[in-house]
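Welcome! Here are a few short exercises to work through with the model in view, each followed by a worked solution.

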Amino acid sequence: MLIKSRAKWEERESAITPEKVYLNRRSFMSGAVGAASAIAAGGVLADAAVASTERTLKELQAKTTSFDPGEALTPFAAVTQYNNFYEFGTGKSDPAENAWRLQPKPWMVKVDGMVDRPGMYDFDDLIDMNALEQRIYRLRCVEAWSMVIPWIGIPLSNILRKIEPQSGAKYVAFETLADKKQMNGVKSFFNVLDWPYREGLRMDEAMNDLAFMAVGLYGAELPNQNGAPMRLVVPWKYGFKSIKSIVRISLTDKMPETSWNLSAPQEYGFYSNVNPEVDHPRWSQKQERRIGEFGRRETLMFNGYGDMVADLYAGMDLRKNF
Ligand SMILES: Nc1nc2c(c(=O)[nH]1)N[C@H]1C(S)=C(S)[C@@H](COP(=O)(O)O)O[C@H]1N2
Ligand SMILES: [Mo]
């Protein structure tokens with residue numbers, strides 16, 4: 001939970017961007033962000049940047065959508081160098097430095113539990129690459145920083161329909177790869193979390209149109225440190241619900257165990273909806289630091305997505321169900 005006030009990537013944003021992606025996203029650039037990247041254009045590739053571009057990221061074609069908060073995008077360099085992915089270390093720059101060891105191709109996902117079509121699915125069996133959408137979402141970390149990220153992917157409901165949940169299924173559980181050979185954080189002696197990283201959603205949350213399975217960002221495939229080849233994005237919940245590099249999807253009638261809840265149940269609940277009225281036991285959630293901006297912003301209820309998700313929690317005490 002250490003937070004640096006200024007990171008090195010702020011001076012060399014475009015320098016670390018794969019050229020195609022950089023060109024592709026120039027239409028996103030505006031105001032100060034655009035100016036900063038123009039200044040950085042002559043910058044030098046940093047070590048972390050070399051690691052993060054070790055894998056050539058294929059460009060992706062995606063439909064534009066109306067999912068766009070109309071706020072400045074967080075620079076590509078910040079999105080890909082300031083990460084939480086504890087399987088590669090607990091420091092913010094660890095994932096960008098270490099995730100080159102991850103092999104996202106080929107990728108298999110085990111689908112089990114209360115589904116009519118269980119089995120081992122290849123990435124291409126689950127993700128319809130002709131149906132890709134771009135969605136610009138806010139991401140609010142429980143640590144009180146936030147970003148605005150242009151994801152590419154498909155609605156999670158699209159995948160669930162494919163695997164055919166049975167009528168008794170009430171929750172969807174997800175697991176991340178936990179491979180000591182590829183993930184230096186998993187073999188480390190001092191483990192903050194119990195691997196594999198696990199997350200879950202209630203069925204109606206998972207079927208909500210906002211729940212998204214991302215396979216890319218900024219016009220290209222996901223960099224490893226962002227959870228290649230597929231990761232959840234649940235924008236109305238704290239970032240840790242958006243589980244990366246998914247290798248298992250299970251349908252169940254019991255509330256699944258989730259990693260952060262197992263590690264500190266009094267601090268991280270199953271729901272973990274962004275809520276400025278319910279503080280973390282050790283800090284306030286009223287405000288947040290938007291990465292790349294000075295000062296703080298007010299945190300919005302459900303991260304600003306209340307009109308799409310508030311109904312899911314009608315009648316629930318969100319203090320108890322934090
Ligand atoms: N498997 C796994 N998924 C994870 C994490 C993690 O440590 N391991 N960190 C979570 C947290 S706390 C956040 S804020 C987001 C960060 O996503 P990003 O690095 O792509 O911005 O990923 C989430 N998904
Ligand atoms: Mo987070």
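**Exercise 1. The cavity**

How much space lies in the largest cavity? Find also how many cavities are counted and which residues line the largest cavity.

*Solution.* Keep in mind that this is a predicted model.

- Step 1: Start with the volume, which is about 400 Å³ for the largest cavity.
- Step 2: Next, count the cavities of 30 Å³ or more; the count comes to one.
- Step 3: Now turn to the walls. The lining of the largest cavity is made of 27 residues, and the closest to the centre are N84, F85, G239, F240 and K244.
- Step 4: Look for the element with the largest share of this lining. Strand β5 (residues 145-155) has that place, with four residues.
- Step 5: Finally, sort the lining by character: 17 residues are nonpolar, six are polar and four are charged.

**Exercise 2. The ligand**

Where does ligand 1 sit, and which residues are the closest to ligand 1? Work out too which polar side-chain atoms lie by its oxygen atoms.

*Solution.*

- Step 1: Locate the ligand. Ligand 1 sits in the largest cavity.
- Step 2: List its surroundings. There are 17 residues around ligand 1, with N83, Y86, E87, R231 and K244 the closest.
- Step 3: Divide this shell by character, and you get eight nonpolar, six polar and three charged residues.
- Step 4: Check the polar contacts, for which two N or O atoms must lie within 3.5 Å. N83 has a polar side-chain atom 2.8 Å from an oxygen atom of ligand 1. For R231 the distance from a polar side-chain atom to a ligand oxygen is 2.9 Å, and for N226 it is 3.0 Å.
- Step 5: Ask how much of the ligand is covered. Alone, ligand 1 exposes 530 Å², and the protein buries 98% of that.

**Exercise 3. The backbone**

Which residues are joined by cis peptide bonds, and which residue has a positive phi although it is not a glycine?

*Solution.*

- Step 1: Recall the background: most peptide bonds are trans, and most residues other than glycine have a negative phi.
- Step 2: Go to W195 and P196, which a cis peptide bond joins, with omega about -5°. P196 belongs to the loop between α8 (184-187) and β7 (198-202).
- Step 3: Move on to A228 and P229, where the peptide bond is again cis and omega is near -5°. The loop between β9 (220-221) and β10 (231-233) holds P229.
- Step 4: For the phi angle, look at Y218, with a positive value of about 45°. You will find Y218 in the loop between β8 (212-217) and β9.

Notes: Residues are numbered from 1 along each chain as its sequence is written. Chains are lettered from A and ligands numbered from 1 in the order in which they are written. This is a predicted model: local features need pLDDT of at least 70, side-chain atom pairs count only at pLDDT 80 or more; totals for chains, interfaces and linings use all residues. Side-chain values use heavy atoms; hydrogens and water are left out. On a 1 Å grid over the protein atoms alone, a cavity is a set of points where a 1.4 Å probe fits but cannot get out, and a pocket is an open set with protein on both sides within 12 Å along at least five of seven lines; lining residues have an atom within 4 Å of a point. Grid points are joined across faces, edges and corners, and a volume is the space filled by probe spheres set on the points. Helices (H or I, at least four residues) and strands (E, at least two) are DSSP runs, numbered from the N terminus. Ala, Val, Leu, Ile, Met, Phe, Trp, Tyr, Cys and Pro count as nonpolar, Asp, Glu, Lys and Arg as charged, and the others, Gly among them, as polar. A residue is near a molecule or strand if one of its heavy atoms lies within 4 Å of it. A polar contact is a pair of N or O atoms within 3.5 Å; within protein, one must be able to donate a hydrogen and the other to accept it, and residues adjacent in sequence count only if both atoms are side-chain atoms. Accessible areas come from the Shrake-Rupley method with a 1.4 Å probe; for residues, only the protein chains shown count as cover. A molecule sits in a cavity or pocket if more than half of its atoms lie within 2 Å of its grid points.
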